[in-house]
Structures are given as C-alpha cells and as structure tokens.
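Colleague: I've got this model open on my screen and would like a close look at one part of it. Could you take me through the helical region near the start of the chain, and then how it ties in with the rest?

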Amino acid sequence: MKALIPAAGLGTRFLPATKAQPKEMLLVVDRPVIQYVVEEGLASKADEVVIVNSRSKKAIEDHFTPDPDLVSTLRARGKDAYADEVERVGNYNVSYVYQEEPLGLGHAIWCAHEKTAGEPFYVLLGDVIVPDNQMLPAMQKVSDEHGGASVIAVMPVPDDQVHRFGIIAGEKLSDDVWKVDSLVEKPALEDAPSNLAVFGRYLLSPRVMELLADVKPGVGGEIQLTDALDEVLREEEMYALVVDPEDGFDTGTVESWLHTNNVLFERKQGQAYARGDSLPK
C-alpha cells in the first residue's frame, strides 16, 4: 500500500520565495513541510511514500537522499544530534514519479498509477500537516469497518470559509463519521449541504485510480480529483472522518503557514520544557 504526496505545484502564493525553493521545503519550526508529510505517510499502513514531483524541484529529492559526507563532518565536529537527524531522514523509504505538466490534482495522482498496482492508497496533500500522525490510522479503521470503502478526512469550517473548500453532503452516522452522498466544490454558503470541508487526507479504493485515467478536464482545464470521487460514489460507498481542527494544519498560504509555525513552536517549547530538554548545540 502506497502513500502518495502530490508536490509538483508552483507554490504561486509564496512567490518570490518559492522561485528557487519549493513551497514544500519551507520550514515549519524545525523541519520542512514535506518532511512532516512523509513521516506521516511512513507512520501509517503504507510501506512506501511516493512523491509526485516536478523535475525542477530537486531540493525535495536532495533532502531525502543520504549524505554521508555531511554526516561525517557533523560527527567530527561533535554534532551527533544533527548527524543522527540527517542520517535518519536520508534513509526514509521515499520514491518519486513526475508530473510533466500542471494538469491538476487528479492528474498528479494518476501519474503514480503504476506504483499503486491495483491496491488501495493514501493521498496526503503536501501543504497540509498532521503532526501526531494519527489521522491516517483513524481513517483506516473507518475503512476496515465498512468493507474497505474509501474514506476522506473532513473538518468543520466557519460559515465565511465554506466557499473556499470542497464540502460533503451525506448522512451523519456518529459524532465523527459520515456516509458521503456527494461532494460540492466551493459552494456558496446558502447552497452548502454542510460545513464539513475536505481536509487533504484521503484513503481511496483502487477504482478511483482507474477512473482518473478517463476523467475529462474540468474546472480550469484541469483533471480534478473531485470529479473522480463523484464518479466512484455511483459505484461504491464512501465515508468521511470528521477531524478536530487542532489535529491538522494548512500551510498553503503565507497566513496559514505563519499560524502553523506559531502554534507548533509553542507546542514544541512546551513539550521540551515539560521534559527538561535543552536545545542541541
């Protein structure tokens, strides 16, 4: 089972900072955004993380490539804590496929179809982080309880934000699980069937990947994942796990990236203080 991370986008909202540095490599407290997402994928049922990359984003691949010379230099200088981190990250089980043209999220996911090989797969959007790594296991549990059905994570959003997201319609089965009937892309508040927005974590059946091969370009001339999910709902059941807004963070805009840094820095400092840790030198 694979965890797919689409990471081929241009990072337009962060220009000019992302002209030379991928958005996914922006720092959140003590590591790049993409490292949080890779570590979440590896902490799940997935046996491999597949990054759907652009060939211009070599920095992402460099980050997850072993660097024995740097490790040796750090150890020679007595910086073993840093050497351990560089060595650990360089040995993560990460592979790459490439999206040659920016044809949408659905197309990016389809670029990894040979990797999924007819198996269910996770999709983790590269600008959303879940620091405790517990969301995918919770989604897997919902899927297992419903015969291996697709599961998407959703999060309640304020009324003035509903128009920015894909919103689910369906039936509430429990406090944190819904059966999904349809998805509405960026509805006006008066047309929204709920306030539950798709959050950026998906556990999808193999049929979704099959459908992506035939999805026609939609909004913006791009191949949309939402269109494939609408199609699969005609054939299979789908469920939504309602997650706590404090469990996941969006880093897709400058404002949300700054907010995420502030919140997670405070958490890290509080945890370090509770343990009596000192910062590495």
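**A close look at helix 1 and its surroundings**

Modeller: Let's start with helix 1, where nine of the 10 residues are buried, so the helix is largely enclosed by the rest of the structure. Keep in mind that this is a predicted model. The buried residues of helix 1 are Val-33, Ile-34, Gln-35, Tyr-36, Val-37, Val-38, Glu-39, Glu-40 and Gly-41. Notice that this list takes in Gln-35, Glu-39 and Glu-40 along with Val-33, Ile-34, Val-37 and Val-38.

What does helix 1 sit against? One good way in is Ile-5, which is found in strand 1. At 0% relative accessibility, Ile-5 counts as buried. Leaving out residues up to four places away in sequence, Ile-5 touches Ile-34, Val-37 and Val-38, and its other contacts are Val-49, Val-50, Ile-51, Val-52, Leu-124 and Gly-126. Ile-5 also comes with a long-range pair: Asn-53 is 48 residues away in sequence, yet the two C-alpha atoms are 8.5 Å apart in space.

Another way in is Thr-251, in the loop between strand 13 (249-250) and helix 10 (254-275). Thr-251 counts as buried, with 3% relative accessibility. Not counting residues up to four places away in sequence, its contacts include Val-33, and the others are Phe-14, Val-28, Asp-127, Val-128, Ser-256, Trp-257 and Thr-260.

Helix 4 (residues 80-90) belongs in this picture too. Its buried residues are Ala-83, Val-89 and Gly-90. They cover an arc of only 140° around the axis, which puts them on the same side of helix 4. What do those buried residues pack against? Helix 1 (33-42) is one of the partners, together with helix 2 (58-63) and helix 3 (68-76).

The pairing of helix 3 with helix 4 is worth a look by itself. Two packed helices are described by the angle between their axes and the distance between the axes. Here the angle is about 165° and the axes of helix 3 and helix 4 are 8 Å apart. That makes helix 3 roughly antiparallel to helix 4. The crossing of these two helices is left-handed. On the helix 3 side, the residues in contact are Leu-70, Val-71, Leu-74 and Arg-75. They meet Asp-80, Tyr-82, Ala-83, Asp-84, Val-86 and Glu-87 in helix 4. Ala-83 turns up twice, then: it is one of the buried residues of helix 4, and it is also among the residues that meet helix 3.

Now for the wider packing. In soluble globular proteins, nonpolar side chains tend to be buried together. The largest nonpolar core in this model has 74 residues, and those touching the most other members are Ile-34, Val-38, Ile-51, Phe-64, Ile-152, Ile-168 and Tyr-202. The largest share of this core, six residues, comes from strand 11 (residues 196-204). Another core lies apart from it, with five residues, including Val-157, Val-162, Ile-167 and Ala-192. Ile-34 and Val-38 on that first list are buried residues of helix 1, and Ile-5 touches both of them as well as Ile-51.

Ile-152 shows what the core looks like elsewhere. Setting aside residues up to four places away in sequence, it touches Met-139, Ile-168, Leu-183, Val-198, Arg-201, Tyr-202, Met-238, Tyr-239, Ala-240 and Leu-241.

A few backbone details are worth checking while you have the model open. Most residues other than glycine have a negative phi, and most peptide bonds are trans. Leu-15 and Pro-16, however, are joined by a cis peptide bond, with omega at about 5°. Pro-16 lies in the loop between strand 1 (2-6) and strand 2 (27-28).

Val-29 isn't a glycine, but its phi is positive, at about 65°. You'll find Val-29 in the loop between strand 2 and strand 3 (31-32), and it is partly exposed, with a relative accessible area of 23%. Ala-117 has a positive phi as well, near 50°. Ala-117 is in the loop between helix 6 (113-116) and strand 6 (121-124), and it is exposed, with a relative accessible area of 57%.

Terms used
Residues numbered from 1 in each chain as written. Predicted model: local features only at pLDDT ≥ 70, side-chain atom pairs only at ≥ 80, totals over all residues. Heavy atoms only, no water. Buried < 20%, exposed > 50% of the residue type's maximum accessible area, 1.4 Å probe, protein only. Helix = DSSP H or I, 4+ residues; strand = E, 2+ residues; numbered from the N terminus. Arc of directions from axis to C-beta. Contact = heavy atoms within 4.5 Å. Core = buried A, V, L, I, M, F, W, Y, C linked by side-chain atoms within 4.5 Å. Axes fitted to C-alpha atoms, helices over the stretch in contact; angles between N-to-C directions. Parallel < 35°, antiparallel > 145°, perpendicular 65-115°, else oblique. Left-handed = near helix turned anticlockwise from the far one by under 90°.
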